Amino acid sequence: MPNFSRRAWLGRLAALAGMAGLSLRRAGATAPKATKQAARYQDRPNNGRMCRMCKYFIAAGGTAGAGMMGGTMGPGMMQAGSCQLVQGGISPMGYCDFYAPLSG
Ligand code: SF4
């Protein structure tokens, strides 16, 4: 497993933005998201840890950090959502290296 942390990834993105003369805060832009490959995303849980229990998950209805008690129960519970850090559609049952539990 490569030594790869979310903090290091975000640091590199901020450094690149700085070199490009961009100020993400001044421009009001959000940080670019990592690719699924870079985040080592998978469509299945990892030892019970899954996207719907991660603070970066955005449920299909648009609720960030929505865990089982936060709005993803019901018919939309299994719909793909999105992530604050990773590009593309994200399965509630997925997992990646940036996983951070809602309660952590
Ligand atoms: S950071 Fe990773 S584990 Fe968390 S919601 Fe995004 S893709 Fe899923």
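Let's start with R40, which counts as partly exposed, because its relative accessibility is 35%, and partly exposed means somewhere between 20% and 50%. Keep in mind that we're looking at a predicted model here.

So where is R40? Follow the chain past α3 and you'll find R40 in the loop that runs between α3 and β1. Its backbone is a bit of an oddity: R40 isn't a glycine, and still its phi is positive, at about 55°.

Now, what does R40 pair up with? R40 makes a salt bridge with D97, and the closest N and O atoms are 2.7 Å apart. Have a look at how the two sit in the sequence: D97 belongs to the segment after β2 (82-83), while R40 is in the loop between α3 (36-39) and β1 (57-58), so this pair, 57 residues apart, links distant parts of the chain. D97 is partly exposed too, because its relative accessibility comes out at 23%. And how many salt bridges turn up in the whole structure? Just one.

While we're in that loop, let me point out N47. N47 also lies between α3 and β1, and here again we have a residue with a positive phi, about 50°, that is not a glycine. Is N47 buried or exposed? N47 is exposed, because its relative accessible area is 73% and the cut-off for exposed is over 50%.

Okay, let's zoom out for a second. The protein has three helices and two strands. Going along the sequence, you read them as α-α-α-β-β. There are 104 residues in the protein, and 31% of them count as buried.

On to the ligand. Where does the ligand sit? In the largest cavity. The residues around it are Y41, C51, C54, Y56, F57, C83, V86, C96, F98 and Y99. If you sort that shell by class, you get ten nonpolar residues, no polar ones and no charged ones.

You'll have spotted the cysteines in that list, including C83 and C96. C83 is buried, because its relative accessible area is 9%, and the cut-off for buried is under 20%. C96 counts as buried as well, because its relative accessibility is 9%. So how many disulfides does the structure hold? Zero.

To wrap up, here are two spots to find on the screen: the salt bridge between D97 and R40, and the ligand in the largest cavity. Thanks, everyone!

Key
Residues are numbered from 1 along each chain as its sequence is written. This is a predicted model: local features need pLDDT of at least 70, side-chain atom pairs count only at pLDDT 80 or more; totals for chains, interfaces and linings use all residues. Side-chain values use heavy atoms; hydrogens and water are left out. A residue is near a molecule or strand if one of its heavy atoms lies within 4 Å of it. On a 1 Å grid over the protein atoms alone, a cavity is a set of points where a 1.4 Å probe fits but cannot get out, and a pocket is an open set with protein on both sides within 12 Å along at least five of seven lines; lining residues have an atom within 4 Å of a point. A molecule sits in a cavity or pocket if more than half of its atoms lie within 2 Å of its grid points. Ala, Val, Leu, Ile, Met, Phe, Trp, Tyr, Cys and Pro count as nonpolar, Asp, Glu, Lys and Arg as charged, and the others, Gly among them, as polar. A disulfide is a pair of cysteine sulfur atoms within 2.5 Å. Buried means under 20% relative accessible area, exposed over 50%, partly exposed in between (1.4 Å probe, protein chains only). A salt bridge is a side-chain nitrogen of Lys or Arg within 4 Å of a carboxyl oxygen of Asp or Glu. Helices (H or I, at least four residues) and strands (E, at least two) are DSSP runs, numbered from the N terminus.
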